[in-house]
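Please look over the sequence and the model that follow, and then read the short report on fold, burial and surface beneath them.

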Amino acid sequence: MDSESYFGDKELKYVPIGTLVQIRTVDFTHAPIYHIGIVVESNKENTETLFPSVMVYNLETKKTSRQFLGSLKVISKVDG
């Protein structure tokens, strides 16, 4: 797995389109929930904002949603 994640020491800077990610959803009354998704929209300018985010298609719920980079863990990156 990629060392750039919410488990690692590095801050995730940019996630290219097509990257396979693990999505962490936190509910403060329960343990975190993990899903697998694919990045479908990524904008370099958006990653320089206060709350950087990308659009991710969740393979389990079959829905697209905006996810903050802090809640993602890169499983596999796309070359290029």
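What percentage of the 80 residues in the chain do buried residues make up? In this predicted model, buried residues account for 35% of the 80 residues.

As regards secondary structure, the chain contains zero helices and five strands, and reading along the sequence gives the pattern β-β-β-β-β. An open sheet of five strands is formed with the order 4-3-2-1-5, and its pairing is antiparallel. Strand 4 (63-68) and strand 5 (72-76) stand at the edges of this sheet, and because each has a single partner strand, one side of each is left without a neighbour in the sheet. Neighbouring strands of the sheet are turned against each other by 45° on average, with direction ignored.

Strands of a sheet pair through backbone hydrogen bonds, in either a parallel or an antiparallel manner. Here strand 3 (residues 53-58) and strand 4 run antiparallel and are joined by six bridges, and across this pairing Tyr57 stands opposite Thr64 in strand 4.

The values for the chain as a whole are set out below.

| Quantity for the chain | Value |
|---|---|
| Buried residues, share of the 80 residues | 35% |
| Residues 24 or more positions apart, share of contacts with a separation of 6 or more | 44% |
| Exposed area | about 5400 Å² |
| Carbon and sulfur atoms, share of the exposed area | 56% |

Read together with the sheet, the contact figure says that, of the contacts with a separation of 6 or more, 44% are accounted for by residues 24 or more positions apart, while carbon and sulfur atoms supply 56% of the area that the chain exposes.

Note on methods:
Residues are numbered from 1 along each chain as its sequence is written. This is a predicted model: local features need pLDDT of at least 70, side-chain atom pairs count only at pLDDT 80 or more; totals for chains, interfaces and linings use all residues. Side-chain values use heavy atoms; hydrogens and water are left out. Helices (H or I, at least four residues) and strands (E, at least two) are DSSP runs, numbered from the N terminus. Buried means under 20% relative accessible area, exposed over 50%, partly exposed in between (1.4 Å probe, protein chains only). Contact means heavy atoms within 4.5 Å. Accessible areas come from the Shrake-Rupley method with a 1.4 Å probe; for residues, only the protein chains shown count as cover. Two strands pair if DSSP finds at least two bridges between them. Axes are lines fitted to C-alpha atoms, for helices over the stretch in contact, and angles run from 0 to 180 degrees between N-to-C directions.
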